[in-house]
Protein chains: 2
Amino acid sequence: MEFSKDLLLEIHKHIKPFINRTPVLQFDFINNLCNCNVYFKCENFQKTGSFKIRAASNALKSLSKKSKEKGVITHSSGNFAQGLACASNLQNINAYIVMPENAPRIKKNSVLKYDINLIECKSTLEAREETTSNILLENDLHFIHPSNDIDVILGNSTIGTELLEEHPDLDYILAPIGGGGLISGIAIASDILSNKCEVIGVEPKQVDDAYRSLKSGKIEYNASTNTIADGLRTNLGDINFPIIKKLISKIICVKEDEIINAMKIFIEKLNVVIEPSSAVALAGLIAKKELYKNKKVGVVISGGNVDLDNLPI
Amino acid sequence: MEFSKDLLLEIHKHIKPFINRTPVLQFDFINNLCNCNVYFKCENFQKTGSFKIRAASNALKSLSKKSKEKGVITHSSGNFAQGLACASNLQNINAYIVMPENAPRIKKNSVLKYDINLIECKSTLEAREETTSNILLENDLHFIHPSNDIDVILGNSTIGTELLEEHPDLDYILAPIGGGGLISGIAIASDILSNKCEVIGVEPKQVDDAYRSLKSGKIEYNASTNTIADGLRTNLGDINFPIIKKLISKIICVKEDEIINAMKIFIEKLNVVIEPSSAVALAGLIAKKELYKNKKVGVVISGGNVDLDNLPI
């Protein structure tokens, strides 16, 4: 699939009214530590606390007239549930969100702040999928996948569009890889809007499916999901993997203690609260800082939804 | 004393190389909560984690040639110690910092990162003053007071200069009052650079010396310093009080639970780490939000140096 600059700008223009233009922050502490100029794109200051509202806003905006009338459904207990809940209210579209019954109260509440249909199901993947499918059929809904959906990916491209608009001379953008929706959107933006910026993925060693997928050329899966970066436990999908294969040449894998250390730096030194998945990208930069010496590096902070009572630091 | 727009811009230009231009952030959560447009000036992202480096940078810049050669001295165990330590290194001026021997290790270390002379003394005010005075005389140094010094105050004016440059149509700026150096600087900037912006002070009820001073017309003192906002326990001085008397017409007093609530909002809802003294200004806005309905309100976040292990939230 080919995309144009006009399309990316059009998408950005369309979803602008529903999202925040998040700030790009710089910190002497990090620039000195890494010997380069780092530009943090702060999606932890985004509506609903993560970038997912960009994805959801564009997916809703792109629906057929019929689907807009009938409504949408997703299953998620994480940031995409919040993003879709908020976006659906802003665009006045009916949304169903399927969540496992054992999801933490706090996550249910953050979705119930919005006027949506919350459906609880047993906590197995089968139950989630069956429940989703039943309600979808019953109500003739459109399913939106949190990461493996081209409109979700293009919604995420707006992070790259904004970052490169403000800092067109970036040499690199580092972003975390989980389901692959975030990085493939940013990679599309960078490919079209910059003639030199390279997008690098960062992933926890414990769930290095994307690293292995890039190496083997086919989608690999994780045997366990034993990482603190709870947003990055998912696997790539058949829509985003071809984009990643084409546009991403490198993925850095980081250890759990490196993620925790980066989280500590964010909260203690930079005064910014982020979620563990967001610490991953900074951890990658610190681990490989000699590669980025004197360069201009964008780092995507994907979100800030973290339980402060259970900080690992 | 009269100041001009040219002077304020000149001061800003002079200290620019030594400080960060801190971001001004907006949050839907706060705008919705308070029914107004709030612009947070984030000095918690400033070098050394607080606005004090603005004060120190201008005080050093304004020294006589002789004092620049001999050096400066202050006594502080708080943000001014760090601000002066960093600023003195950046301007290559010898600095002596007197700290009580029982100051927390973490505070000593944050000053010892810089190339300065740290002098420890007994923890009484008398010991501090005597030690400072002895070393000052021995080394022929210039004393810089953290808040009651006109160059310190003018250094702080740059917060107002930057905020009003970006948002010239602010109706109000809310800032915490402790020693009075921060708010008097901002009030000078607002008085000169805006024809409508009113600067409002916010102070913990437990240390309402400024509120009482403004009422009685003379400097009042606190009987106790029993507030979580450790940066605001000090009293006004003879240099900043006349400015405050002339330019500040209103001080809001907030209770300790209101400060803690505002701190909770910052960290949990806005993903921004601030120190208790900074939460005070937001607490004042929330307490009196009906007064600011539909207005444009700047709120100064003075710093982010807080011990995360001892958060009151």
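1. Two strands pair if DSSP finds at least two bridges between them. In this predicted model, strand E1 (residues 24-25) of chain A and strand E2 (residues 37-42) of chain A meet that condition, because two bridges join them, in the antiparallel sense. Across this pairing, Leu25(A) stands opposite Phe40(A), a residue of E2(A).

2. E2(A) also pairs with strand E10 (residues 296-301) of chain A. Here the sense is parallel, and there are six bridges. Phe40(A) appears again: its bridge partner in E10(A) is Val299(A). Phe40(A) thus has Leu25(A) opposite it in one pairing and Val299(A) as its partner in the other.

3. How many of the six residues of E2(A) are buried? Five are, and the strand is described as mostly covered.

4. On a wider view, chain A is divided into two domains. Domain 1 is made of two stretches, 5-50 and 149-310, while domain 2 covers 53-143. The C-alpha centres of the two domains lie 24 Å apart.

5. The contact between the domains takes 21 residues from domain 1 of chain A and 16 residues from domain 2 of chain A. On the domain 1 side, the elements that give two or more residues are helix H1 (5-15) and helix H8 (150-166) of chain A. Which of them gives the most? H8(A) does, with seven residues.

6. The side of domain 1 of chain A that touches domain 2 of chain A can also be sorted by residue type. Eleven of its residues are polar, seven are nonpolar and three are charged.

Notes
Residues are numbered from 1 along each chain as its sequence is written. Chains are lettered from A and ligands numbered from 1 in the order in which they are written. This is a predicted model: local features need pLDDT of at least 70, side-chain atom pairs count only at pLDDT 80 or more; totals for chains, interfaces and linings use all residues. Domain bounds come from an automatic or database domain assignment. Two residues are in contact if their C-beta atoms, placed from the backbone, lie within 7 Å. Helices (H or I, at least four residues) and strands (E, at least two) are DSSP runs, numbered from the N terminus. Ala, Val, Leu, Ile, Met, Phe, Trp, Tyr, Cys and Pro count as nonpolar, Asp, Glu, Lys and Arg as charged, and the others, Gly among them, as polar. A residue is buried if 20 or more other C-beta atoms lie within 10 Å of its own, exposed if 12 or fewer, and partly exposed in between; C-beta atoms are placed from the backbone.
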